[in-house]
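Grab a coffee and open the viewer: here are some exercises to work through with the model in front of you. Try each task before you read its solution.

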Amino acid sequence: MTSLDSPALAATRPADGRSPAAVSRPRRRGRSGDGALVRYAFIAPAVLYLLLFYGYPIVKNVVMSFQAYDFSTFFNGRAPFVGLDNYASALSNPIFLKALANTGLFTVGSIIGQFIIGLGLSLYFRRHFPLSGVLRSLLLLPWLLPMIVSAAVWRWILEQDNGVLNRVLEGTGLISEPIGWLTSSDTALVAVIMVNIWLGIPFNVALLYSGLQAIPEELYEAGQLDGATGWKSFRHITLPLLRPVVSVVLLLGVIYTIKVLDLIIGLTGGGPANATQTLATRSYELSFLEFDFGQGAALSNVLILIALLFSVVYLRANARAAKNG
Amino acid sequence: MTTTASTGASVRTAPDAPVTPRRRRTPRGIVHTGIGIVLVAIMLFPVYWMVNASLAPQGNSLNTGWLPLHPDTSGYARAFADQGKNLLTSLVVAVGAAILSLVIAAPCAYALAQFRIRGTAVLVFLVLISQMIPGIVIANALYTAYTPLGLINTVPGLILADATQGIPFSILIMRAYLETFPASIVEAARVDGCGHLRAFVSIVLPVSRNSLITAGIFSFLFAWSDFLMALTLTTGESIRPVTLGLYTYIGTNDTDWSSVMATAVLSSVPAVVLMIAAQKYIAAGATGGAVK
C-alpha cells in the first residue's frame, strides 16, 4: 500500500490509511455507485438555502400579488384572493408610468455614462507607465464602499446651500443661483444618474480592462505595419475583439441598474414628487411604507420579469463569449 | 477567468517583461503617470471630501475648507457614541454571513466542479439567475415570513438574509477555481480510503485557500454594505446595522454633517482595509463573478 502512494500524499496518508473504512471499502471500484448520497450531501445545504431564500420569495411574491395582503394580514392572518386587482391598481396608478419611465431613463443614462467613461479609463490605464497598476486598483474603491455611504457623501456634495458642487459652480461663475440638485424635480433624476455613473465606473473599468488584456499585443504590432494606429487600430482591432466583453458589461450593467434601490432611497427617497421614483423604490414604498404587500408584490413581479428578460439575453451572450474566447 | 492562483499572475507578465523597455521611467511615462493621478484624483474626490468633512467642526459645516487644516475629531466622538453599537452589529452580521456563505457554498462549488452528478447544469443556471433577482423581491417575502417566525430584529435573521448575495457569488467563484483542480489528487486519496468529506476538508480546502479568501471577502463586503435587508427586516434601534444607522442619521432635519461623514468614513474602513491588504483577492473577485 505504501508503495502506491505518491510522495505528495505521504503527509496525509498515515492518518487516513489506518481508518477502518479503508480496510472494509473495496478500493477503486464503483465510482458512480459509491457514496452517491454523500455526493448529493455536498450540494444539499446550498440547494436548501436557495430554495428558502430565493425559491420561496419568488413563489411567495407571485402568490401575494393575487391577494389582499396588507396591514391587517399581519394581525388576523387573512389574505383573501383578489385576482388581478393588485396588478390593476398598481399598474393603473400614474406613479407606475412615472416609475417605469424613470427606471428606463435611469438605466439607459447610467449605462451610457458608465460605459463611455469606463472604456476611456481602461484604455488609458492599459498603457504601462509607472504606478499604472496601483492607480487602476485605486479606481475600484467607489465600488467597494457601501452604497448608502456613497449616497450620504453625495448628498453632502450636492447640498443646495453648502454643497461643494454648487460652491465650485458659483465660484467659477457657471451658475448664479445655487441649484437644488436633489430637491428640485427638474434636476433630481439627472443628479441621481450622475451619482450612479460614478458608482458604476469601477465595475466597467474592471471588466473592460480585463477584456483589453485578453487582446494579444501582436495584433496591434501587425496592425501597425499595415498603418493601423490610433483611432484606426481602436476601430478595427480593439472594438471587434472587445465586442463579447462589451455585451456582457452592458447587459450586466442593465441587470444591476434596474434593481438599484439603496442609492435612490439614500439620495432622494424617490422624490421630490416622484421625480426619482423607480420600479424598485416604488415596490419598496408600496410594501413597507403603505403596507400594501399585495401591490408591492405585483410591482416587484413586473421588475422580476424585466430582470429575467435581460438575464436570459445576458446568459446567451456570456455563453457565446465563452465559446469564442 | 478567476486569477486566484498566485502563480498565474507572475507567469502571465513574465514573457513580455524583457520586450517592454517603455515601462521604464521615460519622460513620457512620467506624463502618463501625472495624467493618471489626476484622473484617479477626480474619481476619488468624493471619498476625499468625505474624509475632509468628517474632520470639520461640529454643526452643519457652513464653511468646510478645502483641506482639513484644523482637524476636529468631535465628529468621530459623536459617531462612535451614536453608532458604535451599530458598527458592532454590522461586524457580527457580516462575519456571520461570510462564514455561512463559505460553509454552504464551498462544498456545493466542489461538487458542481468535480462530481459528475445529475442536475449540475440546472443548478449552475439557477445560481447564475439568482444573482439577478432584485433584492426587493426577497425582502418583500422575507418580511412576511420572518414576522411569524420572530426573526425580525434578530442577528441570525439578518445573517441569513445577507448571505443571499454571498452564497451564489461564492458558489460561482469557487466553482470556477475548482474546475481547474486536478481530480487525480483527490482520487489518489480516495484510493487510500479517504472519504469524500475527509478529502474535501483535508485536501481540497487547503489547496483552494485563495478562492476561499476571495469568496469570504466578498461575502463579508456584501453583508457589511447591505442596506435593504437592514431597512426592511429591522424595526427598532436594538439591532441596527451601521448602514441603516447612517441613513437614519441623514434623515434628521438639522443634519450634523461632520458626524454623518465620520460615520460614513467608519463604514468604509473594512472596504479600504481589504482593498489594501487583500488587493489580489479583490481583483480576482471583481472580474470573476461576472465573466465566468
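**Exercise 1. Work out what kind of secondary structure chain B is built from, and how it is packed.**

Start with the tally: chain B has 13 helices and 0 strands. Walk along the sequence and the pattern you get is α-α-α-α-α-α-α-α-α-α-α-α-α. Keep in mind that this is a predicted model.

Next, look at burial. Chain B has 292 residues, and 51% of them count as buried. Then check how far contacts reach along the chain: among contacts in chain B with a separation of 6 or more, 79% link residues 24 or more positions apart.

**Exercise 2. Compare the annotated transmembrane regions with the helices in the model.**

First, pull the annotations. For chain B, an unreviewed UniProt entry places the feature "transmembrane region" at residues 30–51, 91–113, 120–146, 158–178, 199–224 and 257–278. For chain A, the unreviewed entry puts that feature at residues 37–56, 104–125, 137–157, 188–209, 241–258 and 293–315.

Now test a few of them, taking chain B to begin with. Residues 30–51 of chain B are 100% helix and 0% strand, with 28 Å between the end C-alpha atoms. Residues 158–178 of chain B also come out at 100% helix and 0% strand, and here the end C-alpha atoms sit 29 Å apart.

Then go to chain A. Residues 104–125 of chain A are 95% helix and 0% strand, spanning 31 Å between end C-alpha atoms. For residues 137–157 of chain A the numbers are 81% helix, 0% strand and 24 Å.

**Exercise 3. Decide how far to trust chain A, region by region.**

Begin with the average: chain A has a mean pLDDT of 84, and 89% of its residues score at least 70. Then look for the extremes. Within chain A, confidence bottoms out in helix 1 (residues 13–17), with a mean of 36, and peaks in helix 6 (residues 94–124), at 95. Finally, zoom in on the weak end: residues 1–33 of chain A have pLDDT below 50, and beyond near neighbours in sequence this stretch makes 28 contacts in the model.

**Exercise 4. Describe the contact between the two chains, then find the core.**

Count both sides first: chain B puts in 90 residues and chain A 87. On the chain B side, helix 2 (residues 27–54) gives the most, with 14 residues. Sort that side by class and you find 59 nonpolar, 24 polar and 7 charged residues.

For the core, look at the largest nonpolar one, which has 173 residues; Ile255(A), Ala105(B), Cys108(B) and Ala109(B) have the most contacts inside it. Helix 3 of chain B supplies the largest share of this core, 16 residues. Take Ala109(B) as a close-up: setting aside neighbours within four places in sequence, it is in contact with Ile171(B), Met174(B), Arg175(B) and Leu178(B).

**Exercise 5. Is Tyr76(B) buried or partly exposed?**

Locate it: Tyr76(B) is in helix 3 (residues 74–114) of chain B. Count its neighbours: there are 19 C-beta neighbours inside 10 Å, so Tyr76(B) is partly exposed; buried would take 20 or more. Next, list the contacts beyond four places in sequence: Tyr76(B) touches Ser54(B) and Ala262(B). As a last step, take the C-alpha distance from Tyr76(B) to Val242(B): 14 Å, with their positions 166 residues apart in sequence.

**Exercise 6. Track down the unusual backbone geometry.**

A reminder of the background: most residues other than glycine have a negative phi, and most peptide bonds are trans.

Check the peptide bonds first. Gly271(A) and Pro272(A) are joined by a cis peptide bond, with omega about -10°. Pro272(A) lies in the loop between helix 14 (262–267) and helix 15 (279–289) of chain A.

Then hunt for positive phi. Asn274(A) has phi near 65° without being a glycine, and it too is in the loop between helix 14 and helix 15 of chain A. With 19 other C-beta atoms within 10 Å, Asn274(A) is partly exposed.

Chain B has a case as well: phi of Asn153(B) is about 60°, and it is not a glycine. Asn153(B) belongs to the loop between helix 5 (135–149) and helix 6 (155–178) of chain B. Its 16 C-beta neighbours inside 10 Å make Asn153(B) partly exposed.

Methods:
Residues numbered from 1 in each chain as written. Chains lettered and ligands numbered in written order. Predicted model: local features only at pLDDT ≥ 70, side-chain atom pairs only at ≥ 80, totals over all residues. UniProt positions renumbered as here; feature names shortened; annotations may be inferred. Helix = DSSP H or I, 4+ residues; strand = E, 2+ residues; numbered from the N terminus. Contact = placed C-beta atoms within 7 Å. Nonpolar A, V, L, I, M, F, W, Y, C, P; charged D, E, K, R; others polar. pLDDT = per-residue confidence, 0-100. Buried ≥ 20, exposed ≤ 12 C-beta atoms within 10 Å, placed from the backbone. Core = buried A, V, L, I, M, F, W, Y, C linked by C-beta atoms within 7 Å.
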